[in-house]
Amino acid sequence: MVRINGADVLAAGKSLAAYLDENDFPRARIAVERNGEIVPKAKYEETILVDGDKIEIVSFVGGG
């Protein structure tokens, strides 16, 4: 199980890019933290989620 934004998800073995695409996250408007470290966008394809990972996905919202 991978904990994503506080929920346990069956995502182990998937790339971060695949998870984001499957769940319609707009890559241009998010930041991803894995186990306390920011994942660079260039690394999404090669970052494989493993059991025990803690992922936080934050969306940027414009306003003013």
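Strand E3 (residues 30-34) and strand E5 (residues 54-59) form an antiparallel pair over five bridges. Within this pairing, Glu33 lies opposite Glu56 in E5. The model described here is a predicted one.

**Sheet**

The strands E3 and E5 belong to an open sheet of five strands, in which the order is E2-E1-E5-E3-E4 and the pairing is mixed. The edges are taken by strand E2 (7-9) and strand E4 (37-39); each has a single partner strand, so one side of each is left without a neighbour in the sheet. On average, neighbouring strands of this sheet are turned by 35° against each other, direction ignored. In general, the strands of a sheet pair through backbone hydrogen bonds, in either the parallel or the antiparallel sense.

**Loop residues with positive phi**

Most residues other than glycine have a negative phi. Two asparagines in loops of this model have positive values: Asn5, with phi near 50°, and Asn35, with phi of about 50°. Asn5 sits in the loop between strand E1 (2-4) and E2, while Asn35 sits in the loop between E3 and E4.

The table sets out accessibility for these two residues and for Ser15, a residue of the loop between E2 and helix H1 (16-22).

| Residue | Relative accessibility | Class |
|---|---|---|
| Asn5 | 39% | partly exposed |
| Asn35 | 42% | partly exposed |
| Ser15 | 14% | buried |

Ser15 counts as buried because its relative accessibility is 14%, and buried means under 20% relative accessible area. Not counting residues up to four places away in sequence, Ser15 touches Tyr44, Glu45, Thr47 and Ile48.

**Nonpolar core**

Tyr44 also appears in the largest nonpolar core, which has 14 residues. The residues with the most contacts inside this core are Leu20, Val32, Tyr44 and Ile57. Two or more residues are given to the core by each of E1, H1, E3 and E5. H1 provides the largest share, four residues.

Which residues are in contact with Leu20, leaving aside its neighbours within four places in sequence? They are Phe25, Arg27, Ile30, Val32, Tyr44 and Ile57. Among these contacts of Leu20 are Val32, Tyr44 and Ile57, which are listed with Leu20 as the residues with the most contacts inside the core.

Key
Residues are numbered from 1 along each chain as its sequence is written. This is a predicted model: local features need pLDDT of at least 70, side-chain atom pairs count only at pLDDT 80 or more; totals for chains, interfaces and linings use all residues. Side-chain values use heavy atoms; hydrogens and water are left out. Two strands pair if DSSP finds at least two bridges between them. Axes are lines fitted to C-alpha atoms, for helices over the stretch in contact, and angles run from 0 to 180 degrees between N-to-C directions. Buried means under 20% relative accessible area, exposed over 50%, partly exposed in between (1.4 Å probe, protein chains only). Contact means heavy atoms within 4.5 Å. A nonpolar core is a set of buried Ala, Val, Leu, Ile, Met, Phe, Trp, Tyr and Cys residues joined through side-chain atoms within 4.5 Å.
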